[in-house]
Amino acid sequence: MNVIALNGSARGKKGVTWKLMDSLLKGLSEGGAVIKEFQLKEMNISPCRACLTCMHKTPGQCAQRDDMDQIYLPLKESDLFLMGTPVYTDSMSAQMKAVMDRCICGMDPFLVRDISNRIRHPFSWSMPSKFFLVSTSGFPEVESFSPLILTFKAQAANFGAESIGEICIPGSIALQMAPHLLEPRLSQIQEAGKALALHGKIAPTLLEELNQPILTTAQYLELSAKYECWARKSRGEG
Ligand SMILES: Cc1cc2nc3c(=O)[nH]c(=O)nc-3n(C[C@H](O)[C@H](O)[C@H](O)COP(=O)(O)O)c2cc1C
């Protein structure tokens with residue numbers, strides 16, 4: 001299995017998103033997957049200009065030349081797209097959104113019915129046939145992920161792919177105050193990654209387990225008090 005993994009966190013490898021992704025990728029690698037990983041924070045990727053040159057003049061090819069050029073080929077050659085993004089203002093990061101928008105260059109300007117009988121563009125080249133989401137949120141409620149998951153699933157469908165699951169761990173503000181609490185989950189995620197490489201999917205019961213919030217609201221508030229204390233000091237209010 002060829003995997004392309006994009007980390008859309010503005011904090012790159014210092015963030016919780018990467019911790020989750022890294023564990024999944026270690027497992028995928030143990031299971032024999034070949035991985036190409038990119039830290040979008042370090043890349044120069046402009047937003048889509050909507051010039052539609054890709055649809056009307058140079059089919060399949062974006063008119064802009066920037067670091068997206070490093071991503072197109074691995075995207076075309078991968079079976080699985082691992083989207084890693086934190087929840088930013090109830091959606092994916094701008095870094096990740098820019099990549100997704102720039103992928104419309106794989107769409108032709110024509111209109112056809114897709115497998116769900118919706119009117120969509122056909123493709124001049126294919127995105128990976130499977131999409132998987134890894135995310136974290138600052139707030140503790142699992143509902144923080146609802147808009148992102150909806151968007152992720154819609155994107156998979158619009159690119160003719162299957163969304164095969166999500167690992168979304170809420171409460172990063174508090175988890176960063178007690179990183180040891182995340183460790184057991186990271187081991188489970190690594191195991192799940194191996195299963196994903198070997199069987200092409202993670203069992204729904206395991207996915208459900210992986211998506212259980214690590215902290216109760218009371219634990220979250222207790223740990224966040226430490227964060228608040230630190231934040232006040234940093235603002236000169238302590
Ligand atoms: C611009 C921005 C917007 C954010 N919006 C939300 C939000 O809507 N809901 C939420 O729960 N957390 C939100 N957060 C918190 C992040 O999801 C959280 O800090 C997460 O850990 C960031 O990922 P990282 O650790 O990989 O950097 C936001 C953070 C930033 C920087």
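**Exercise 1. Work out which elements the buried residues of helix 4 pack against, and which residues these are.**

Solution. Start with the partners: in this predicted model, the buried residues of helix 4 pack against strand 1 (2-7), helix 3 (69-77), strand 3 and helix 5 (146-158). Now put names to them: Gln 95, Met 96, Ala 98, Val 99, Met 100 and Arg 102 are the buried residues of helix 4.

**Exercise 2. Place Asp 90 and decide: buried or exposed?**

Solution. First, find the spot. Asp 90 sits in the loop that runs between strand 3 (80-84) and helix 4 (94-102). Next, count neighbours: Asp 90 has 12 C-beta neighbours inside 10 Å. The cut-off for exposed is 12 or fewer, so Asp 90 counts as exposed. Finally, look across the chain: Ile 149 is 59 residues away from Asp 90 in sequence, and their C-alpha atoms are separated by 10.0 Å.

**Exercise 3. Check the span of helix 7, then sort out its two sides.**

Solution. Take the span first. Helix 7 (residues 183-199) has 17 residues, which at 1.5 Å a residue should span 24 Å; the end C-alpha atoms are 25 Å apart, so the two values agree.

Then pick out the buried residues of helix 7: Arg 185, Ile 189, Ala 192, Gly 193, Leu 196 and Ala 197. They cover an arc of only 140 degrees around the axis, so they lie on the same side of helix 7. Flip to the other side of helix 7 and you'll find Glu 183, Pro 184, Ser 187 and His 199 exposed.

What do the buried residues of helix 7 pack against? Helix 1 (16-30), strand 7 (162-169) and helix 8 (204-210). One last stop: Gly 200, just after helix 7, takes a positive phi of about 75 degrees.

**Exercise 4. Describe the largest nonpolar core and follow Leu 24 through its contacts.**

Solution. The largest nonpolar core has 55 residues, and those with the most contacts inside it are Leu 20, Met 21, Leu 24, Leu 82, Met 83, Val 99 and Ile 167. Helix 1 gives this core its largest share, 7 residues. As background, nonpolar side chains tend to be buried together in soluble globular proteins.

Now zoom in on Leu 24. Skip its neighbours within four places in sequence, and Leu 24 is in contact with Leu 82, Val 134, Ile 167, Ile 189, Ala 192 and Gly 193.

**Exercise 5. Characterise the surroundings of the ligand.**

Solution. Count first: 16 residues surround the ligand, and the closest are Gly 15, Thr 17, Pro 86, Gly 138 and Ser 172. Then sort the shell by class: 5 residues are nonpolar, 9 polar and 2 charged.

Key: Residues numbered from 1 in each chain as written. Predicted model: local features only at pLDDT ≥ 70, side-chain atom pairs only at ≥ 80, totals over all residues. Near = placed C-beta within 6 Å. Nonpolar A, V, L, I, M, F, W, Y, C, P; charged D, E, K, R; others polar. Helix = DSSP H or I, 4+ residues; strand = E, 2+ residues; numbered from the N terminus. Expected span 1.5 Å × (residues − 1). Buried ≥ 20, exposed ≤ 12 C-beta atoms within 10 Å, placed from the backbone. Arc of directions from axis to C-beta. Contact = placed C-beta atoms within 7 Å. Core = buried A, V, L, I, M, F, W, Y, C linked by C-beta atoms within 7 Å.
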